[in-house]
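Here's a quick briefing to read with the structure open beside you. It goes topic by topic, so feel free to jump around.

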Amino acid sequence: MNSELTKYSADPDVQIPVIEQEIKRGHSQSHWSMLWKRFSKNGAAISGLLFLSVIIILAVFAPVIAPYPLDQINFEERLLKPSATHLFGTDDFGRDIFTRILYGGRVSLMMGLISVTICVVLGVTLGVVAGYYRKLDMYIMQLMDILMSFPSLLLAIVVIAVLGVGLTNAMIAVAISQIPQFVRVVRSAVLTLREKEYIEAVRALGIRDYQILLKHVIPNILSPMIVMTALIFGDCILAASALSFLGLGAQPPDPEWGAMVMESRVFLNQAWWMSLFPGLVILLVVLSFNMLGDGLRDALDPKQK
Amino acid sequence: MCHLQKYVLKRFLSLFGTLFGVSVLVFLIVHMIPGDPARYIVGKNASEEAVKAMRAQLGLDQPLITQYFDYLGNLVRGDLGTSLFTGIPVWEEIVSRFPITFQLAVYGVVLGSAIGILLGVIAAVKQNTLLDRLVNTLSTISISAPDFWVILFVIWLFAYQFGWFPISGYDGFYSLVLPSLTIGLFSIGFIAKMTRSSMLDVIKQDYMRTAEAKGVATWARVFAHGLQNAVIPIITLIGLQFGGLLAGAVITETVFALPGIGYFAIEAVIKRDIPTVQGVVLFVALLYTVVNLVTDIVYSFFDPRVRYE
């Protein structure tokens, strides 16, 4: 998500339908294979998935693949243009930018992954509780309204003001700033679900609430959850890199993509490649997550298309 | 009382509830910020007594609840507190900085909406053509691009390569051109996407076919009959973006070194200027919520069918 604008609640993508898989046993196999069939026809989504897989592999195997050691400083090779020896050029310390981007993937993707995980766990819990227990709904949604009275980047910055600057705190801040939209989607999915006859039926059977929630409610809101997670993943990576760019997240010399763009600011006129490549990688990764999310949504609900 | 009046009244009451919550949250958050502002002001080498005196002067030795009600009382009187560092009332600082942020938001949103709506309409009318795909791809890219990176690109191109505009700092309208351009660029993608999907819903309606059968010119059909009915979700989006921008385009203002609200907020957070953080954040939340409310009410002018419950 472009952190500058409050895109979340207005994003056309957020209208995610609940797909019911009422008959689960026996049919789930064909259900998922049908989904895959639909999904695999979507060229954009598949290329997003492929690109993400490549980036993840590159980041994981960075020590093997990288042509230079991570922090090898070489002042004789300062600010070199992209060439055969330095694919993406070198920075002001003579460090190989390609190498730093490979290692940076570990930091940036991990920041995205951890903030998404926090967001999903808290978002699903709060959303399910708000949707299922009408009495708690008001309190939870009031709190979400309060959180949503701040533009998301500002909210993240305020959280960092409390927790302090750094990688871990940036991840928490990003997660908190994205939670309201997740809670809203999950809640509205649960709201439609809880009125269904089969939920009423299991409730009439005297099954405990937590079992109903775990066995009947959560499995049936998986579709919107999966789509939302893919879309939020991109947003989290963007927000985390924006915080690092502002100097509130990852700190130099850590090779985080947003922090690399920040370091490049001073050399913008002399060495365009220093800003171009880390920013381009963020763009491509976020784009891939968005295409993946759109593809998943279309596959899960062909009617919407 | 008509529906609209009732609705506005209800929304205003809930607005106060939310703002009360926001004030409590901001107050608590700010008091959780580590570090003693009194110590910060008097300096590291000052004596314990000096710190104590400063704490008393700032009211920091009072119980939390007393501090909150003092704070709330001041708010009601329109007093947002005084900056710990400059000694200038926060409200005055906000008033002096707001015009820059406001101009940025207006120029940016106008630019983004004009181009975004136009692109979205074209994509919808030419659905499934190459043009449609191009608009769609560009919108998705614009949504996915990190804004700080786009800003650097714009600076590189227009300030360094062409030398048309200043790189940073505020010196009248001229220095707002590049920042407004970048803000416009960020919103084009979202507005184009929303316009396209909203127009597609409308284009398939019967009255559009009737208009076509009657021989209404294409452009009149698209803009007068189509866009007018597709405009509500677009207005919501524009309203939200405008509200967010009024809160200060933090990254844009920081990179261009524009003394607006967003830059002010970041500075205050870094300096741990508690009253300023409190004041700015509360102001921003108020503005943001009010703009959203106004957006909701504006619907009725565009679509009298909207009923407010």
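What follows covers the interface between two chains, one threonine and its surroundings, and some aromatic pairs. Keep in mind that this is a predicted model. Chain B and chain A bury about 4,400 Å² between them, and the count of salt bridges between these two chains is one.

**The interface of chains A and B**

- On the chain B side 51 residues take part in the contact, and on the chain A side 49 residues do.
- Carbon and sulfur atoms give 75% of the buried area.
- Looking for the big contributors on chain B? Phe148(B), Trp149(B) and Leu152(B) supply 15% of the area that chain B buries against chain A, more than any other three residues.
- The salt bridge pairs Lys193(B) with Asp294(A), and their closest N and O atoms sit 3.7 Å apart.
- As for polar contacts, three residue pairs turn up across the interface, with both residues at pLDDT 80 or more.
- Several helices of chain B give two or more residues to the side touching chain A, among them α1 (3-32), α7 (147-161), α8 (177-203) and α13 (274-302).
- Sorted by class, that side of chain B has 35 nonpolar, 13 polar and three charged residues.

**Thr90(A) and its surroundings**

- You'll find Thr90(A) in the loop between α3 (62-65) and α4 (97-132) of chain A.
- Thr90(A) has 0% relative accessibility, so it counts as buried.
- A polar atom of the Thr90(A) side chain lies 2.6 Å from the backbone oxygen of Glu77(A).
- The Thr90(A) side chain also reaches the backbone nitrogen of Leu80(A), at 2.7 Å.
- Leaving out residues up to four places away in sequence, Thr90(A) touches a list of residues including Arg78(A), Leu79(A), Arg95(A), Asp96(A), Trp273(A) and Met274(A).

**Aromatic pairs**

- Over all chains, the count comes to 23 aromatic pairs.
- In one of these pairs, the ring centres of Phe88(A) and Phe98(A) are 5.3 Å apart and the planes are at 90°, so the pair is edge-to-face.
- Phe88(A) belongs to the loop between α3 and α4 of chain A and Phe98(A) to helix α4 of chain A, so the pair ties together parts that are 10 residues apart in sequence.
- Buried or exposed, these two phenylalanines, Phe88(A) and Phe98(A)? Both Phe88(A) and Phe98(A) are buried.
- Over in chain B, ring pairs link Phe20(B), Phe27(B), Tyr68(B), Phe69(B) and Tyr71(B) into a cluster.

Definitions and conventions: Residues numbered from 1 in each chain as written. Chains lettered and ligands numbered in written order. Predicted model: local features only at pLDDT ≥ 70, side-chain atom pairs only at ≥ 80, totals over all residues. Heavy atoms only, no water. Contact = heavy atoms within 4.5 Å. Buried area = accessible area lost by both parts, 1.4 Å probe. Salt bridge = Lys/Arg side-chain N within 4 Å of Asp/Glu carboxyl O. Polar contact = N/O pair within 3.5 Å; in protein donor to acceptor, adjacent residues only side chain to side chain. Helix = DSSP H or I, 4+ residues; strand = E, 2+ residues; numbered from the N terminus. Nonpolar A, V, L, I, M, F, W, Y, C, P; charged D, E, K, R; others polar. Buried < 20%, exposed > 50% of the residue type's maximum accessible area, 1.4 Å probe, protein only. Phe/Tyr/Trp six-rings, centres within 6.5 Å; stacked < 30°, edge-to-face > 60°.
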